[in-house]
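Me: Got a new one open here. Can we walk through it together, confidence first and then the ligand?

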Amino acid sequence: MDLPPPNFHCLRERAELLEVIGVSARLNTLNGTTGEGLSLNVSERRQVAEEWVTKGRNKLDQVVIHVGALSLKESQELAKHAAEIGADGIAVIAPFFLKPWNKDVLVNFLKEVAAAAPALPFYYYHIPALTGVKIRAEELLDGIQEKIPTFQGLKFSDTDLLDFGQCVDQNRQRQFAFLFGVDETGFLCFRMHMVNHGCPNMVSQDVTSTYNYLGKKTNQMLEAFERKDFSSALNCQFCIQRFINFVTKQGFGVSQTKAIMTLVSGIPMGPPRLPLQKASREFTDNAKAKLKSLDFLSCTD
Ligand SMILES: CC(=O)N[C@@H]([C@@H](O)[C@H](O)[C@H](O)CO)[C@@H](O)CC(=O)C(=O)O
């Protein structure tokens, strides 16, 4: 029997993990950072995308497929494929080896990818710490719909809240979606949404790395927020911060995320792909003790 490579297996199982942890997932981008999309080949990325679209049916409101790649042709192929399998949108990071040196060059690249799936909503995935492309998102949004008619919004995985705030502020009249990808400061962004209430903008949280295992607390934060109980929402955010602060000090990244996802769900996520190294036993033990002390394991223990 042909077994899929471990990484593919683990990514496929992430769809089931959402159910186990109980994340009320409105939107999930896949083949992104946590899913090591850039470490997979095109055929694996296609398989993962197909699996998510199938598994996500009736469970996720939207499945957005990250199709960014260094090769424009590969990106276009993945964008076309996303359209064929019925995805709800595509997302693209900036090419990160031979980099775009200004906004116009980056938009021209994104435009070519978007054109390969002309009926699919298009998101720019802004993650400058990993791509090294520091073009401000606020600048990129200026006039983007004229160049990319399918442009739908931004996944903002950066801590520059001035840039993020300006993206929201300058696009109040547009129907853009702003998805925030820094779990430790998500609450602040939800507050921005409230301040923005009545505007067509949407600031919300994508299913990012820690939501794979802190879904219960995240849901509590969202529910408190909905009922305008900002003090409870802030407490939930602080609780999430306590955990992220703890693991960050021990070295935290995609490998460690996978180890915690396995620990919390019981679903084996497999090792990460080289050059990443499997999280150490010591890290996993420490993370487990911290999750317990913060009462994060109670729903799955
Ligand atoms: C650099 C990184 O991995 N960022 C994570 C965050 O969820 C991050 O792990 C978390 O905020 C803890 O710092 C996400 O933005 C990545 C993400 O959403 C993805 O898997 O595409």
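Reply: Sure. This is a predicted model. The chain has a mean pLDDT of 86. Of its residues, 85% reach 70 or more.

Me: Where does the pLDDT drop below 50?

Reply: One such stretch is residues 1–13. In the model it still has 26 contacts beyond near neighbours in sequence. Residues 18–25 also stay under 50.

Me: And how many contacts does the model have for 18–25?

Reply: 26, counting those beyond four places in sequence.

Me: OK, ligand now. How many residues surround it, and which are the closest?

Reply: 14 residues surround the ligand. The closest are T34, K155, G181, E184 and S209.

Me: What's the mix by class in that shell?

Reply: Seven polar, four nonpolar and three charged residues.

Me: Back to T34. What does its side chain do with the ligand?

Reply: An N or O atom in the T34 side chain is 2.6 Å from a ligand oxygen. S209 has a side-chain N or O atom 2.6 Å from an oxygen of the ligand. For S157, the distance from a side-chain N or O atom to a ligand oxygen is 2.8 Å.

Me: How much of the ligand does the protein bury?

Reply: 83% of the 490 Å² that the ligand exposes when taken alone.

Me: Last one. Which pocket is the ligand's space?

Reply: The largest pocket.

Me: Give me a one-line recap for my notes.

Reply: The ligand takes the space of the largest pocket, has 14 residues around it, and is 83% buried by the protein.

Notes: Residues are numbered from 1 along each chain as its sequence is written. This is a predicted model: local features need pLDDT of at least 70, side-chain atom pairs count only at pLDDT 80 or more; totals for chains, interfaces and linings use all residues. Side-chain values use heavy atoms; hydrogens and water are left out. A residue is near a molecule or strand if one of its heavy atoms lies within 4 Å of it. A polar contact is a pair of N or O atoms within 3.5 Å; within protein, one must be able to donate a hydrogen and the other to accept it, and residues adjacent in sequence count only if both atoms are side-chain atoms. Accessible areas come from the Shrake-Rupley method with a 1.4 Å probe; for residues, only the protein chains shown count as cover. On a 1 Å grid over the protein atoms alone, a cavity is a set of points where a 1.4 Å probe fits but cannot get out, and a pocket is an open set with protein on both sides within 12 Å along at least five of seven lines; lining residues have an atom within 4 Å of a point. A molecule sits in a cavity or pocket if more than half of its atoms lie within 2 Å of its grid points. Ala, Val, Leu, Ile, Met, Phe, Trp, Tyr, Cys and Pro count as nonpolar, Asp, Glu, Lys and Arg as charged, and the others, Gly among them, as polar. pLDDT is the predictor's confidence in each residue, from 0 to 100. Contact means heavy atoms within 4.5 Å.
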